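Please open the model in your viewer and keep the selection panel at hand. The tour below goes from one selection to the next and says what is found at each stop.

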Amino acid sequence: MSLQGPEVQVAVVRRWRLLLGVVAGVFAVGAVAALATSLAYDESLLTPVLLVLGTGCVLAARASVPRGLGADERPTMARSAAWVVVAVLLYVVAPVLLGR
């Protein structure tokens, strides 16, 4: 079995989907908690909206994971990685910059 075998490619894609699913779940819990806190204390909804958008980007990244890791699937994997970058920017960076 080599590192380029189809079993390895399937395992990598499956692990990437699982990881993105777990991250989406954690992000969703945080977004819902922030939204509930903002509504309960009559605070600005800007940060919870950013968190919800970040969660949506993780879900978009999970949806755009390709079926394999062949050369023809690289643009799709790049799109998934780009969604992850946007999600981190919306979920982590933007709220931190707003808090300054």
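Are α1 and α3 roughly parallel or roughly antiparallel to each other? Before answering, note that this is a predicted model. Select the two helices, and the axes of α1 and α3 are found 13 Å apart, at an angle of about 20 degrees. Angles under 35 degrees count as roughly parallel, and α1 and α3 are therefore roughly parallel to each other. The crossing of these two helices, α1 and α3, is left-handed.

To see where the two helices touch, select Trp16, Leu20, Val26, Phe27, Gly30 and Ala31 on the α1 side, which meet Met77, Ser80, Val84 and Tyr91 on the α3 side. Sorted by class, the residues of this contact of α1 with α3 comprise eight nonpolar and two polar ones, with no charged residue.

**Next selection: α1 with α2**

Keep α1 in view and add α2; the axes of α1 and α2 come within 8 Å and cross at roughly 165 degrees. The two helices, α1 and α2, are therefore roughly antiparallel to each other, and their crossing is left-handed. On α1, the residues to select are Arg17, Leu20, Gly21, Val23, Ala24, Phe27, Ala28, Gly30, Ala31, Ala34, Leu35 and Ser38, and their partners on α2 are Pro48, Leu51, Val52, Gly54, Thr55, Val58, Leu59, Ala61 and Arg62. This contact of α1 with α2 divides by class into 14 nonpolar, five polar and two charged residues.

Two residues of the α1 side merit a separate selection. Gly21, in helix α1, counts as partly exposed at 31% relative accessibility; measuring from its C-alpha to that of Tyr91 spans 16 Å in space, for a separation of 70 residues in sequence. Ser38, also found in helix α1, is buried, with a relative accessible area of 7%. Leaving aside neighbours within four places in sequence, Ser38 is in contact with Glu43, Ser44, Leu45 and Pro48.

**Next selection: the loop between α1 and α2**

Move to Asp42, which lies in the loop between α1 and α2 and counts as exposed at 75% relative accessibility. What should be checked here is the backbone, since most residues other than glycine have a negative phi. The phi of Asp42, by contrast, is near 55 degrees, a positive value in a residue other than glycine.

**Next selection: α2 with α3**

Now hide α1 and show α2 together with α3, which pack with their axes 7 Å apart at an angle of about 165 degrees. That angle makes α2 roughly antiparallel to α3, and the crossing of α2 and α3 is left-handed. By class, the contact of α2 with α3 holds 17 nonpolar and four polar residues and no charged ones. Among the residues of α2 in this contact are Leu46, Leu50, Leu53, Cys57 and Ala60, while the α3 side includes Trp83, Val86, Leu90, Ala94 and Leu98.

Within helix α2, compare Leu53 with Thr55. Leu53 is partly exposed, with a relative accessible area of 45%, and its C-alpha is 18 Å from that of Glu43, a residue 10 places away in sequence. Thr55 counts as buried at 9% relative accessibility. Beyond its neighbours within four places in sequence, Thr55 is in contact with Ala24, Phe27, Ala28, Ala31 and Tyr91.

**Last selection: the nonpolar core**

Show all three helices again and select Leu20, Phe27, Leu51, Val58, Val65, Ala87 and Tyr91, which touch the most other members among the 13 residues of the largest nonpolar core. Each of α1 (6-40), α2 (46-63) and α3 (74-98) supplies at least two residues of this core, and the largest share, six residues, comes from α1.

Finish by centring the view on Tyr91. Which residues does Tyr91 contact, leaving aside its neighbours within four places in sequence? They are Val26, Phe27, Gly30, Ala31, Leu50, Leu51, Gly54 and Thr55.

Methods: Residues numbered from 1 in each chain as written. Predicted model: local features only at pLDDT ≥ 70, side-chain atom pairs only at ≥ 80, totals over all residues. Heavy atoms only, no water. Core = buried A, V, L, I, M, F, W, Y, C linked by side-chain atoms within 4.5 Å. Buried < 20%, exposed > 50% of the residue type's maximum accessible area, 1.4 Å probe, protein only. Helix = DSSP H or I, 4+ residues; strand = E, 2+ residues; numbered from the N terminus. Contact = heavy atoms within 4.5 Å. Axes fitted to C-alpha atoms, helices over the stretch in contact; angles between N-to-C directions. Parallel < 35°, antiparallel > 145°, perpendicular 65-115°, else oblique. Left-handed = near helix turned anticlockwise from the far one by under 90°. Nonpolar A, V, L, I, M, F, W, Y, C, P; charged D, E, K, R; others polar.
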